[in-house]
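Dear colleague,

I am passing on the structure below, followed by an account of what was found in it. Please read the account with the coordinates open beside you.

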Amino acid sequence: MMRQNDVVEQETSSELPLLPLKDIVLFPHMIIPVFINEDLCISAVESSMLGDRKIFLSAFKSDAGKEGFEHLTATLEAPFDVYDVGTVCSIMRIRKLPDGRMKVLVQGLYKGKISSLKSKHPFPVVSIEKIPEPQIEITAPDVEAHVRTVREQLERVVGMGKSLSPDILMVLEDVKDPGRLADLIASNLGLKVFEAQSTLEIFHPLDRLRRIHYFLGREIEVFQMQVRIQSQAKEELGKMQREHYLREQIKALRSELGDGDSKDDVEELWKKIEGLPLSAQAKEEIEKQVRRLERMHQDSSEATITRTYIDTVLALPWSVFTTDNLDLKRAQKVLDEDHYGLKQVKDRILEFLAVKKLNPDAPSPIICFVGPPGVGKTSLGKSIARSMERTFCRISLGGVRDEADIRGHRKTYVGAYPGRIIQAIKSAESMNPIIMLDEIDKLSSDHRGDPSSSLLEILDPSQNNSFVDHYLGIEFDLSKVMFIANANTLDTIPGPLKDRLEIIEVSGYSEEEKIEIASQFLIPKQIKDSGLADRDVVFSRNSVATLISQYTRESGLRSLNTKIASVCRKIARQFAEVSDDEESLDSHAPQGIRVTPNLVKRHLGAHLYRGEFYYKEPTIGVALGLAYTPFGGEVLAIETTLLKTGKSGLSLTGQLGDVMKESAHTAFSYVRSQNWLFGISDEMLSTHEVHIHIPAGAIPKDGPSAGITLATSIISAFRKEAPTQKVAMTGEITLNGLVLPIGGLKEKVLAAQREGVATVLIPEGNKPNWLSLPINIRKKTSVHFVKNYTDTFVYLFQGEMPSAASKDVEHLNIISPANEKNAS
């Protein structure tokens with residue numbers, strides 16, 4: 001009776017060099033070439049050649065998380081994270097190649113398992129445990145049945161087209177042992193690494209043959225599926241050929257009947273091409289597309305795509321320009337008609353028009369208006385277009401996250417269309433419109449691309465004369481287009497894009513400016529829109545002031561415009577209800593209405609905002625700060641309370657950003673380091689935890705400009721003394737107490753005025769910004785400039801700073817737990 005173990009292996013050393021393999025699993029008795037180029041692997045092979053030529057081969061661990069293969073283990077750690085089970089091999093021959101690699105021909109001897117790593121340098125050496133092959137009777141009926149089944153499956157796989165070595169079937173005829181048969185097939189079946197490794201780690205020959213039976217069955221199913229797919233594709237191709245044949249017959253019948261074809265349409269396209277001043281590149285491309293269209297069947301989908309592309313290109317305003325009106329006096333008049341105030345913005349616009357008048361070929365600057373919502377950024381673009389008599393187009397970029405929205409889709413895609421820039425040029429019907437890029441700060445990006453990167457070329461005057469839209473595929477000149485962008489904030493605009501923009505800040509309006517704008521623009525427009533133009537409806541100045549101060553809180557005018565519209569609608573309803581009754585029309589119809597503050601309250605209800613900030617009286621631990629947001633300025637009340645926990649600490653609440661948290665820690669560290677200056681004892685600091693809260697808790701806040709406000713709030717809480725009443729402050733603080741300049745000064749001052757704050761402390765470095773503000777804003781607010789926090793402390797707490805020589809506690813009025821009650 002024949003048994004397995006035809007080849008008797010000699011005992012080998014238990015410690016062998018390790019040769020890691022990538023994407024290869026070697027089975028016993030197999031002979032394969034291995035190419036290596038790492039110094040570590042070459043050293044392992046050379047060391048083995050000097051000894052008994054034995055080496056241990058194992059594959060790097062791969063796809064260990066595949067379902068059903070979690071049992072595969074790798075004891076060694078990187079960089080030698082190979083599977084534990086591998087093959088002890090004999091090196092038959094080595095050869096060094098010209099490119100520095102080494103070709104090693106190895107033959108598998110028997111399976112082994114790594115028990116430990118003996119050394120790492122200069123190459124890995126591992127301790128191997130030999131895995132014996134179980135003995136089975138190869139003539140047993142179940143073994144012979146499995147062997148025959150696997151042979152038949154392999155023949156089916158080869159017959160279906162599986163690419164295997166031509167000698168494999170001949171070799172398999174002489175193999176009777178099930179384990180050898182399984183190993184030979186596994187080596188030639190092209191299994192994945194984790195599948196081959198799982199087969200190698202099945203030590204029982206019959207179980208290993210069953211696994212090969214499963215893999216062969218899977219291969220048969222895959223080939224059968226391929227056959228079905230190819231058959232379906234062949235049927236579809238035959239159907240398309242039949243339809244094409246029928247269409248050609250229909251075309252021939254129509255020609256015989258004299259119904260004509262598409263030649264007239266194509267001739268019309270040729271006439272359009274001849275009549276348009278196309279660029280050389282555009283003319284060459286469009287002529288090529290028309291010639292393709294002539295050869296296509298008009299009912300085919302490709303003909304439709306080509307015809308749409310041709311129509312789009314021909315519809316563009318090639319070499320069509322509007323004549324600019326560069327009369328500066330007229331432009332000044334138009335800007336004044338549309339906008340009140342904004343002197344600096346208007347001056348910059350007129351400067352651009354003056355340069356354009358003296359040098360028509362000068363490149364157009366890319367202007368970006370930055371300011372809160374509702375201050376008139378978009379309408380400024382419309383006014384510029386009206387003053388220059390150019391066509392105005394607006395492109396909303398808010399939420400755009402696909403690069404194809406800017407550059408267009410390739411025309412080969414179904415439903416492709418040009419980008420928004422080309423679409424705007426097409427709708428403007430001229431090559432030099434004014435295009436407003438609305439909300440440029442709200443661009444997004446995802447896996448489909450970054451739209452802001454697409455704008456870099458468009459907004460660069462030195463590059464946009466050869467802009468290529470993906471849909472058009474030809475160069476298009478955008479150098480004559482005047483681009484104007486607007487944004488609420490610059491923080492979210494990428495740096496390279498920001499460098500291409502000429503920033504013009506459009507600040508919010510003061511109360512006097514809002515009253516004038518409402519009287520001159522908003523109220524007449526809403527009266528007309530509400531059908532009250534022939535009625536005597538008058539808004540008093542006090543009623544407008546009431547709407548501004550007690551029903552709106554904004555830097556712009558949108559909410560104010562909405563409230564005025566609401567009042568006008570309610571007045572229109574009064575007139576409409578009276579006019580419904582013709583008998584009462586003469587006797588009860590109101591002849592005129594004067595809108596007063598009381599009438600505003602009756603129509604709009606209770607005041608939405610109080611006239612003063614909610615901290616009317618000085619409060620211990622509360623300091624008023626000024627913040628700048630994309631929606632305008634805000635007054636923030638920073639609250640601090642002390643918790644006697646026996647240790648020092650700082651906790652922050654109010655949904656603060658990282659920069660504001662760092663500013664709070666900086667202010668706290670400054671107060672602790674200079675506590676003797678502010679009359680705070682070391683004992684108080686070491687036994688109380690500081691809790692800072694900035695309402696409202698649901699609104700995110702960030703920025704460094706609240707530094708001196710945070711320090712003031714902390715000092716007030718420790719001193720048990722409230723700061724001076726109705727004083728707001730802004731400024732970044734350093735660890736040495738310096739007060740650094742801030743931004744958004746006008747918005748912050750306007751916010752203080754809205755909340756009834758009479759005095760504002762601002763950094764010394766912002767003095768030029770303060771002097772540049774309109775006089776009507778400066779005269780309503782008392783401003784004190786601070787260079788160091790000690791200046792702030794002296795003003796807010798009405799005290800004198802102790803000198804450095806009086807730092808001794810005995811000479812200072814230090815507030816400690818012992819005299820805390822008296823101090824409060």
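A residue is called buried here when its relative accessible area is under 20%, taken with a 1.4 Å probe and protein chains only. Please keep in mind throughout that this is a predicted model.

By that cut-off, helix α25, which spans residues 745–754, is mostly covered, since ten of its ten residues are buried; among them are Leu-745, Glu-747, Lys-748 and Arg-754. Just after α25 comes Gly-756, whose phi is positive, at about 80°.

The same helix takes part in the largest pocket, to which α25, α11 (343–358), β13 (502–505) and β16 (622–629) each supply at least two lining residues. The space in this largest pocket amounts to about 1100 Å³. Its lining has 38 residues, and those closest to the centre of the pocket are Glu-505, Ser-507, Tyr-628, Gly-744 and Glu-747. Sorted by character, the lining of the largest pocket comprises 16 nonpolar, 15 polar and seven charged residues.

Strand β13 also belongs to an open sheet of five strands, which pair in parallel in the order β8-β9-β12-β7-β13. Because β8 (392–396) and β13 stand at the edges and each have a single partner strand, one side of each is left without a neighbour in the sheet. On average, and with direction ignored, neighbouring strands of this sheet are turned by 25° against each other. The partner of β13 is β7 (residues 367–370), which runs parallel to β13 and is joined to it by four bridges, with Cys-368 having Ile-503 in β13 as its bridge partner. Helix α11 packs on this sheet, where it touches β7, β12 (482–487) and β13, and its direction makes about 145° with that of β13. Helix α12 (residues 377–388) packs on the sheet as well, touching β7, β8, β9 (434–438) and β12, with a direction at about 175° to that of β9.

Elsewhere, the pairing around strand β5 is antiparallel: β2 (residues 31–36) pairs with β5 (residues 102–119) over six bridges, and Ile-32 stands opposite Val-106 in β5. Strand β4 (residues 85–96) pairs with β5 in the antiparallel sense over eleven bridges, one position being Arg-95, whose bridge partner in β5 is Lys-103. The hairpin of β4 and β5 has five residues between the strands, and in it Gly-100 takes a positive phi near 95°. Strand β6 (residues 125–130) is likewise antiparallel to β5, over six bridges, with Lys-113 opposite Glu-129 in β6, and a hairpin joins β5 to β6 through five residues.

With best regards

Technical notes. Residues numbered from 1 in each chain as written. Predicted model: local features only at pLDDT ≥ 70, side-chain atom pairs only at ≥ 80, totals over all residues. Heavy atoms only, no water. Buried < 20%, exposed > 50% of the residue type's maximum accessible area, 1.4 Å probe, protein only. Pairing = 2+ DSSP bridges. 1 Å grid on protein atoms, 1.4 Å probe; cavity = no way out; pocket = protein on both sides within 12 Å on 5 of 7 lines; lining within 4 Å. Points joined across faces, edges and corners; volume = space filled by probe spheres on them. Nonpolar A, V, L, I, M, F, W, Y, C, P; charged D, E, K, R; others polar. Axes fitted to C-alpha atoms, helices over the stretch in contact; angles between N-to-C directions. Contact = heavy atoms within 4.5 Å.
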